[in-house]
Amino acid sequence: MAISVWEQSTYFAPKDLVIVGCGFVGLWTAYEAIHQNPKLQITILERGTIPSGASTRNAGFSCFGSVSELMSDIQLMGEAAMLETVKMRYDGLQRIQEVFKAKEIEYNQWGGYELFEGKKTVKSTKGKASKINKGTNAELYDISKLESDIAYLNKILAPALKTPKKNGKYLPIYTNASKDIQKLGFQGIEALAFNQLEGQLNSAKLVLALQKAVQAKGVQILFGTEVQKFKSHKKGVTITTNLEAPLETKQFLVCTNGFAKQLIPGLDVVPARGQVFVTEPIKNLKFKGCFHFDEGYYYFRNLGNRLLLGGARNADFKNEKTYSLETSATIQKVLEDFMMQRILPKGSKKPIIELRWSGTMGIGSIKKPIIEQVQPNVYCAVRMSGMGVAIAPIVAKKALKLMKG
Ligand SMILES: Cc1cc2nc3c(=O)[nH]c(=O)nc-3n(C[C@H](O)[C@H](O)[C@H](O)COP(=O)(O)OP(=O)(O)OC[C@H]3O[C@@H](n4cnc5c(N)ncnc54)[C@H](O)[C@@H]3O)c2cc1C
């Protein structure tokens, strides 16, 4: 089918910027670009009929790091690199709240918690540390360090992030909330850390709000459009899709996160499946907020009075390195055990699982996004390392700065 003259002068007219991927990164980049220069002609190409990556399929946490995760990150990449990533997450979460009203994206700042199983399981052989962690290589966090780690993180993070102050002094970000364990109904948990600056949101509402905001400024979004290949040339880039004609653009930005290698094979990004489930409403659900366990590999929150639980990728790393959006019996079983053995009070009736799903994250050898030029006029902003809700607004600004340069 040939395109009409009308289509040629609109949908297929040459653009200033074409973005592939209608997730948080693609949308935030379009948002910042069109606000910086309302004259720009921008198109977003998305292969799904709705966005089909991680942005509408995550757990809806607005978090920037739990105590054990940040301490482990310092060991892996050093304090400065840890501070840099946490600052991106914190600033990104501030930007979301600056642009959108809490009600519009169902944002609730109920805080974030981290649960610890306790020192007594720490000394066991690797891989046998606890029932829940069976099969993983994770050494459990030594809770005798919790107080000093909290003090240390508060000291270095508050000035770096510029968190709220009272009477000229930074308020603590993390506090020891172990006294609340019983009240919250958890089992086998010996310590609890609380982060008062974290919250939860409705990810799909944030995607829709961003879509609405950019479309109101004239950004074109073409759903059901898969980028098959692209060719960089002197004046820009020619993009081939499943549509009837190629698209021409001055600059092309790849925001396909976990799928990035499908378009740019050399990148250090692999897909990592994140699995989630939601239960039926639970009478007297005892907690509100976002909860992390095992350096963030397990995460759960309340969704009204239902439980949303996800993660456990570390119980089967090999098989979770996949583009498949099925859920696996192995991971779902580990999550169900975790729900019954740790989250719900002892003797609770097992709730019905109403919905199970998965999403594709993009990870690599280091926990840092790749924002770089890959060919003349071709750029990428990918590998969100499971932090894209938080860092996307800042990644977008960095990508734009790079493209302007
Ligand atoms: C279960 C789960 C829990 C998570 N928890 C958190 C959390 O607590 N905090 C946090 O900050 N982040 C979390 N994340 C990660 C976060 O959701 C992602 O980092 C973020 O959504 C990535 O956004 P993105 O725009 O980079 O990619 P995506 O949202 O994946 O968007 C990429 C888009 O590109 C499209 N695409 C791919 N290839 C093509 C092509 N060739 N042509 C056209 N379109 C294409 C895809 O369909 C997709 O819609 C979680 C993710 C999952 C799955």
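Helix H2 passes helix H11 in a right-handed crossing, that is, with the near helix turned clockwise from the far one by less than a right angle. Helices here are DSSP runs of H or I with at least four residues, strands are E runs of at least two, and both are numbered from the N terminus. Please note that this is a predicted model, in which local features need pLDDT of at least 70 and side-chain atom pairs count only at pLDDT 80 or more, while totals for chains, interfaces and linings use all residues. Residues are numbered from 1 along each chain as its sequence is written.

H2 covers residues 24-36 and H11 residues 388-404; their axes come within 8 Å and cross at roughly 45 degrees. Axes are lines fitted to C-alpha atoms over the stretch in contact, with angles from 0 to 180 degrees between N-to-C directions. H2 is therefore oblique to H11, a word for angles that are not under 35, over 145 or from 65 to 115 degrees.

Residues in contact have C-beta atoms, placed from the backbone, within 7 Å. On H2 they include Phe24 and Trp28, and on H11 they include Gly388 and Leu400.

I turn now to the ligand. It is surrounded by 43 residues, each with its C-beta atom, placed from the backbone, within 6 Å. Gly23, Gly53, Gly274, Gly359 and Gly388 are the closest. H11 gives the most to this shell, four residues, and H2 is among the elements that each supply at least two. Domain 1 and domain 2 each contribute at least three residues, with bounds taken from an automatic or database domain assignment.

Technical notes: Two residues are in contact if their C-beta atoms, placed from the backbone, lie within 7 Å.
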